Amino acid sequence: MAYGTAPDAFDEYLQIAERTSRECLDHFTKCIHVLYHNNFLRRPTATDIQKTYQLHEEKHGLPGMLGSIDCMHWDWKNCPKALHGQFKRSTHKYPTLMLEAVADQKLWIWHAYFGVPGANNDLNVLYGSPLFDDEIADIAPECPFVVNGHTYRKGYYLADGIYPAWSTFVKTFSVARDEKSLKFKRVQEAARKDIERAFGVLQGRWGIIRQPARAMQINTLKRIMYCCIILHNMILEDEGFEVNFRDMFVNPAPNIVRDWVERCDLHVRKTKELRDRKTHNELRKDLVEHLWNNDDE
């Protein structure tokens, strides 16, 4: 995993066959995922969110920021011919699988969704991602924040131009027309590099995802990717990342019994709130004013 070499590269040193090396890697990734998934790849709790708010406001000057979201491609060298139509991209030599991730300023990866065919783009991946499942199911913790005198109930993610104008995304301006917009554009683009740094560190630590994948099964590649992300977060925790494991790892479901009609109404209402373009524009406007009024440069 660390060096990204072929399975038979250490056969003489370790005295094991190529097939045994592959099986050992597969069993190792299974165990890491089963044992540590709930700790190191969990959804953020209310305590985690408040610490993330504080971290990003200190580092970037952006209150209410949960992290940055983006996608990464992993080349699949041994992709079966039958799947080339789904995973092949014209911009890559080999078929690819896509990883959608959310990372904060300390490069802790809070969300990972892997295995989407590489023929999709970031927008298609978002529509199938479980990122906002808790929000739509009304079990996500409410952590309001205040910016420019206005209160917002949910945090937001920094995103690039391909993502939609939802209330939970903050995108930069295509063209900055004044000094305020220019300052916001500079801060947003600088802060969004957190996710790019996280991808770079992840590939630097684990050579197996820096090289084209050799496995034949998608599930095997999924376990490898999630294992690398879990170990990446483990390293951050060992280096001093503040994680309070006494908190609940999973947000509890509300003690409310809803019938089918109520669940449908809730889904429609939450989806409408999530995709509210007006809230997106108002939040971005308030962030522009907040950065301009709190100029520390």
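Reader: Which helix holds both Arg 197 and Asp 194?
Author: This is a predicted model, numbered from 1 along each chain as its sequence is written, where local features need pLDDT of at least 70, side-chain atom pairs count only at pLDDT 80 or more, and totals for chains, interfaces and linings use all residues. Side-chain values use heavy atoms, with hydrogens and water left out. Helices (H or I, at least four residues) and strands (E, at least two) are DSSP runs, numbered from the N terminus. Arg 197 and Asp 194 sit three residues apart, about one turn, and both belong to helix H8.

Reader: How far apart are the closest N and O atoms of Arg 197 and Asp 194?
Author: These two form a salt bridge, meaning a side-chain nitrogen of Lys or Arg within 4 Å of a carboxyl oxygen of Asp or Glu. Their closest N and O atoms are separated by 3.0 Å.

Reader: Is Asp 194 buried or exposed?
Author: Buried means under 20% relative accessible area, exposed over 50%, and partly exposed in between (1.4 Å probe, protein chains only). Arg 197, at 37%, is partly exposed. Asp 194 has a relative accessibility of 3%, so the verdict is buried.

Reader: How many residues apart in sequence are the parts tied together by Asp 70 and Arg 192?
Author: The side chains of Asp 70 and Arg 192 meet in a salt bridge, 3.5 Å from N to O. Asp 70 is in strand E1 (residues 65-75), while Arg 192 is in the loop between helix H7 (179-191) and helix H8 (193-205), so the parts they tie together are separated in sequence by 122 residues.

Reader: And how many salt bridges are there by this rule?
Author: Opposite charges are the idea here: such side chains can pair when their charged atoms come close. By this rule, the count is 18.

Reader: Which element gives the largest share of the largest nonpolar core?
Author: A nonpolar core is a set of buried Ala, Val, Leu, Ile, Met, Phe, Trp, Tyr and Cys residues joined through side-chain atoms within 4.5 Å. The largest one has 38 residues, of which Leu 99, Leu 202 and Met 225 touch the most other members. Elements giving two or more residues to this core include strand E2 (96-103), H8 and helix H9 (218-238). The largest share, 11 residues, comes from H9.

Reader: How many residues are in the other core, which lies apart from it?
Author: Its members include Ile 69, Val 125, Phe 145 and Leu 274. The size of this other core, in residues, is 35.
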